[in-house]
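Open the model in your viewer and start with a plain cartoon. We will go from one strand outwards, then to a ring pair, then to the whole chain.

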Amino acid sequence: MIRKIVKYPSPVLQKVAQPVEKVTDDIRRLIDDMAETMYAGDGVGLAAPQVGESVRVIIVDVSGGSLSEQEGLLKMINPEVLEGSGEIEFEEGCLSVDDMRVHMKRNEKVKVRYLDENGAQQEMEANDLLSVAIQHEIDHLDGKLIIDNVSRLKRDMYIRKRKRLDDNPVAF
Ligand code: ZN
């Protein structure tokens with residue numbers, strides 16, 4: 001089921017998400033919904049708070065996959081960065097922050113530990129775009145957004161503009 005993507009400045013995007021205690025069918029259903037929502041939105045990653053669920057679940061697919069072909073889809077529960085190295089700069093966008101791209105510096109390479117959808121512990125190393133996407137999604141679990149990295153003035157202007165758009169849903 002495609003879920004509605006929560007947009008900034010909604011509070012759920014700005015709080016620390018809870019760890020998953022047990023990987024249940026509910027969690028697997030949430031992951032399926034997140035995948036459907038991410039592919040429909042042409043995203044390369046999605047975190048559970050972006051569909052309004054404040055739990056530590058993320059998905060990432062940088063392979064250009066689709067709902068029918070999910071070979072590159074990574075599903076990570078309670079992901080943790082164990083090690084990071086190198087530096088990479090990238091213009092990042094976010095499905096929860098429409099019409100904004102922010103220049104971000106991140107680790108080029110990360111080692112991540114997480115639970116898979118069967119509750120088994122996994123570790124993997126990622127670099128380049130995959131590393132960036134994983135770090136972006138883990139930031140969501142900690143209530144951090146790309147817009148936190150722009151000036152306060154620019155952020156306030158953005159909030160005012162979005163509010164205007166929301167008040168006037170019909171645009172010409
Ligand atoms: Zn995002």
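**Stop 1: strand S2.** This is a predicted model. Select S2 and show its side chains. Both faces are covered. Val57 and Ile59 lie on one side, Ile58 and Val60 on the other, and all four are buried.

**Stop 2: the strands beside it.** Add S1, residues 45-47. S1 and S2 run antiparallel and are joined by three bridges. Look at Leu46: Ile59 in S2 stands opposite. Now add S3, residues 74-85. S2 and S3 are also antiparallel, with four bridges between them. Pick Val57 and find its bridge partner in S3, Ile77.

**Stop 3: the largest nonpolar core.** Select Ile27, Met34, Leu46, Val57, Ile59 and Ile77. Of the 18 residues in this core, these touch the most other members. Helix H1 (25-40) and strand S2 (57-60) each supply at least two residues of the core. H1 gives the most, with seven.

Which residues does Met34 contact beyond its neighbours within four places in sequence? Show everything around its side chain. The contacts are Leu46, Ala47, Ala48, Val51, Val57, Ile58 and Ile59.

Apart from this core lies another, of 16 residues. To find it, select Ala47, Val110, Tyr114 and Leu130, which are among its members.

**Stop 4: the aromatic pair.** The count here comes to one aromatic pair. Select Tyr8 and Tyr158. Their ring centres are 6.2 Å apart and their planes meet at 45°, so the pair is tilted. It links distant parts of the chain: Tyr8 sits in the segment before H1, Tyr158 in helix H3 (residues 152-167), 150 residues away.

Are these tyrosines buried or exposed? Tyr8 is buried, with a relative accessible area of 8%. Tyr158 is buried too, at 7%.

**Stop 5: the whole chain.** Zoom out and colour by secondary structure. The protein has three helices and seven strands. Along the sequence they follow the pattern α-β-β-β-β-β-β-β-α-α. The radius of gyration is 16 Å, close to the 16 Å that the globule rule gives for 172 residues, so the protein is as compact as a globular protein of that length. Along its principal axes the C-alpha trace spans about 50 × 40 × 30 Å.

Colour by burial next. Buried residues make up 44% of the 172. Then turn on a contact map. Among contacts between residues at least 6 apart in sequence, 63% join residues at least 24 apart. Finish with the surface. About 9700 Å² is exposed, and carbon and sulfur atoms supply 47% of that area.

How values were computed:
Residues numbered from 1 in each chain as written. Predicted model: local features only at pLDDT ≥ 70, side-chain atom pairs only at ≥ 80, totals over all residues. Heavy atoms only, no water. Core = buried A, V, L, I, M, F, W, Y, C linked by side-chain atoms within 4.5 Å. Buried < 20%, exposed > 50% of the residue type's maximum accessible area, 1.4 Å probe, protein only. Contact = heavy atoms within 4.5 Å. Pairing = 2+ DSSP bridges. Phe/Tyr/Trp six-rings, centres within 6.5 Å; stacked < 30°, edge-to-face > 60°. Rg over C-alpha atoms; globule rule 2.2 N^0.38 Å. Areas by Shrake-Rupley, 256 points an atom, 1.4 Å probe, with all protein chains shown as cover.
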